[in-house]
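Me: I have just opened this one and would like a patient walk through it. Could we take it a piece at a time?

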Amino acid sequence: MAKQDCKLYIAGKQQNAVDGQTFETRNPATGELLAQVQQAGQADVARAVEAAQAGFATWSAMTCAERGRILRRAADLLRARNDELARLETLDTGRPIQETSVEDINSGADCLEYFGALAAGLSGEHIDLGPQAFAYTRREPLGICAGIGAWNYPTQIACWKAAPALACGNAMIFKPAELTPLTAMKVAEILSEAGLPDGVFNVVHGFAETGQLLTRHPDIAKVSLTGEVGTGRKIMADAAGTVKHVTLELGGKSPILVFKEAEIDRAVTGAMLGNFYSGGEICSNGTRVFVHESIKDSFLERLVARTEALKIGDPLDPDTQVGALISEEHTQKVLKAIADGQKEGAKLVTGGQRVTDPPFDRGGFVTPAIFDACEDDMTLVREEIFGPVLSLLSFKDEEEAIARANDTPYGLAAGVFTRDLARAHRVIARLQAGTCWINNYNLTPIEMPFGGVKQSGLGRENGKAAIEYYSQLKSVYVELGELESPY
Ligand code: NDP
């Protein structure tokens, strides 16, 4: 891919940053420079806010049906450009093309389509107060929303934030992660092409400082972050200054519980999907795999055999199943977690090695790691690694498994594998997690709300639930009778 300039997207067009500062984005698999990216400072954020105010005035005055039509058109355009965008996503993230070509763009398009359809049905309610009065509610937009994204699923994150925000009549200023700025620009262009008025969806690039300019801005009504728990805390504190609405999609250390009556191969598939898909760079991953002691040995044997067969390689090769980690810094963090896990006494059964033979020496390629002999209090088992590292634990009974699964400050997701449906629902009801799967793992259909409890976050993305987080109710009392005065 030729080196290009990645500008800001403000008021419906690409624009340079006022002070001309730039940073680089590189292909994590090869180190190749992909683009010089314009970095937004205070003056650029001010321009984006001004554009969003103008866009909001136009957009919020349109009917819900008109707004829905534009979002659905954008979904079609996104799907039509799937191959081109998937390739760009793979270049920027290092994730395999076999994933990005079926997951990322589709998920973004599904989201625009879903909220495009939902937009037309947004309404308040009529409240009967007897013959002399009634009340009604209006569902109104919040105003300008800031979206701040993580680097693992950039197109999906941009769409998961933009679609519900725009469906409700808001304008958005989106800041992609500085490591993956490219595809949010494509989403912005496609929204414009679909007929979105200028200024309704803007993109500013930069680091934490640019994010902070958004979270502290008095004219921004809401911030929605996908990122680490620590970032979530800082953003919540910054947003408090102007009492902004906040949605936080944060990290996790989610449990997968495999009971003795589970279909073992299905549970192994679930554990692999929940640890090695996207090189383990998925927030909801089930990185603590609790397997009943009676089946642990056969589970481990099959897990190791299938994991060792995974094909690590060039992310653009359609056969590649494990690509490159996002950056050298992140690769070092993952390798350190693996080394520390061994020092703590966990047994590295397979993987966990950096592949350094050319051409892998130019990127962060790490073979999927499986740890056995883990203890609940090991750092390996307690802290999010965000890489291809699975910790295997065994349990004796259901009560113990639930207590240990819940023994974490996180609460993003959980999975249960069993053929006993009564057990499945009983256990799920007691797991402290916002998103759960029974006999599957990590599927996120747009129709299903997604989000965490405890320190994994606040609010929900997707599903009808997301509407609550991008709109506010106005209550209107209407007097039909006399107004009696006590004065
Ligand atoms: P970070 O928290 O480091 O960054 C997220 C975004 O916030 C980036 O755009 C970042 O900018 C920006 N940012 C950082 N500090 C601030 C600040 N003080 N004020 C405003 N903005 C700020 O997360 P990562 O990008 O490293 O992503 C990995 C994390 O995201 C993991 O913990 C993962 O679990 C979580 N995640 C959660 C998901 C969910 O839905 N629950 C889904 C995907 C990931 P910059 O680009 O410069 O770093």
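Me: To start with, how many residues does α6 have, and how far does α6 reach from its first C-alpha to its last?
Reply: Keeping in mind that this is a predicted model, α6 has 14 residues and reaches 20 Å from its first C-alpha to its last, which is close to the 20 Å expected at 1.5 Å a residue.

Me: Is α6 mostly covered or exposed?
Reply: Helix α6 is mostly covered, with 14 of its 14 residues buried.

Me: And what comes after α6?
Reply: The helix is followed by Gly169, which has a positive phi near 95°.

Me: Let's switch to α12. How many residues does α12 have?
Reply: Helix α12 runs over residues 328–344 and has 17 residues, and its reach of 24 Å from first C-alpha to last is close to the 24 Å expected at 1.5 Å a residue.

Me: Which residues of α12 are buried?
Reply: The buried residues of α12 are His330, Thr331, Val334, Leu335, Ala337, Ile338 and Gly341. Looking down the axis of α12, these buried residues fall within an arc of 150°, so they line one face of the helix.

Me: Why would residues a few places apart point the same way?
Reply: An α-helix has 3.6 residues a turn, so residues three or four places apart point the same way.

Me: What do the buried residues of α12 pack against, and what sits on the face turned away from them?
Reply: The buried residues of α12 pack against β15 (347–350), β16 (369–372), α13 (379–382) and β17 (389–395), while the face turned away from the buried side carries the exposed residues Glu329, Lys336 and Lys343. As for what comes next in the chain, α12 is followed by Gly345, whose phi is positive, near 110°.

Me: Pockets next. How much space lies in the largest pocket?
Reply: About 1300 Å³ of space lies in the largest pocket. Its lining has 45 residues, and the closest to the centre of the pocket are Trp151, Gly227, Glu228, Thr231 and Lys333.

Me: Which elements give two or more residues to that lining?
Reply: They are α8 (208–215), β11 (222–226), α9 (229–240), α12 and α13, and the largest share, 8 residues, comes from α12. By class, the lining of the largest pocket divides into 18 nonpolar, 13 polar and 14 charged residues.

Me: What about the second largest pocket, how much space lies there?
Reply: The second largest pocket holds about 520 Å³ of space, and it is lined by 26 residues, of which Glu103, Tyr153, Gln156, Asn442 and Thr444 lie nearest its centre. The elements that give two or more residues to this lining are α5 (104–119) and α6 (154–167), with α6 giving the most, 3 residues. Its lining has 15 nonpolar, 7 polar and 4 charged residues.

Me: Changing topic to the backbone: where is there a cis peptide bond?
Reply: The peptide bond from Pro358 to Pro359 is cis, with omega near 5°, and Pro359 is found in the loop between β15 and β16. As background, most residues other than glycine have a negative phi, and most peptide bonds are trans.

Me: Then which residues have a positive phi although they are not glycine?
Reply: Phe386 is one of them, with a phi of about 65°, and Asn439 is another, with a phi of about 60°. Phe386 lies in the loop between α13 and β17, whereas Asn439 is found in the loop between β19 (435–438) and β20 (457–458).

Me: Is Phe386 buried or exposed?
Reply: Phe386 has a relative accessible area of 14%, so it is buried.

Me: One more loop residue: where is Gly206?
Reply: Gly206 is in the loop between β10 (201–203) and α8, and it counts as buried because its relative accessibility is 0%. Setting aside neighbours within four places in sequence, Gly206 is in contact with Phe23, Gln39, Lys175, Pro176 and Glu178. The C-alpha atoms of Gly206 and Val37 are separated by 8.4 Å, although these residues are 169 residues apart along the chain.

Me: Last one, what does Thr247 touch?
Reply: Thr247 lies in strand β12 (residues 245–249) and, not counting residues up to four places away in sequence, touches Lys222, Val223, Ser224, Leu225, Leu458, Gly459 and Tyr469. Thr247 has 1% relative accessibility, so it counts as buried.

How values were computed. Residues numbered from 1 in each chain as written. Predicted model: local features only at pLDDT ≥ 70, side-chain atom pairs only at ≥ 80, totals over all residues. Heavy atoms only, no water. Helix = DSSP H or I, 4+ residues; strand = E, 2+ residues; numbered from the N terminus. Expected span 1.5 Å × (residues − 1). Buried < 20%, exposed > 50% of the residue type's maximum accessible area, 1.4 Å probe, protein only. Arc of directions from axis to C-beta. Contact = heavy atoms within 4.5 Å. 1 Å grid on protein atoms, 1.4 Å probe; cavity = no way out; pocket = protein on both sides within 12 Å on 5 of 7 lines; lining within 4 Å. Points joined across faces, edges and corners; volume = space filled by probe spheres on them. Nonpolar A, V, L, I, M, F, W, Y, C, P; charged D, E, K, R; others polar.
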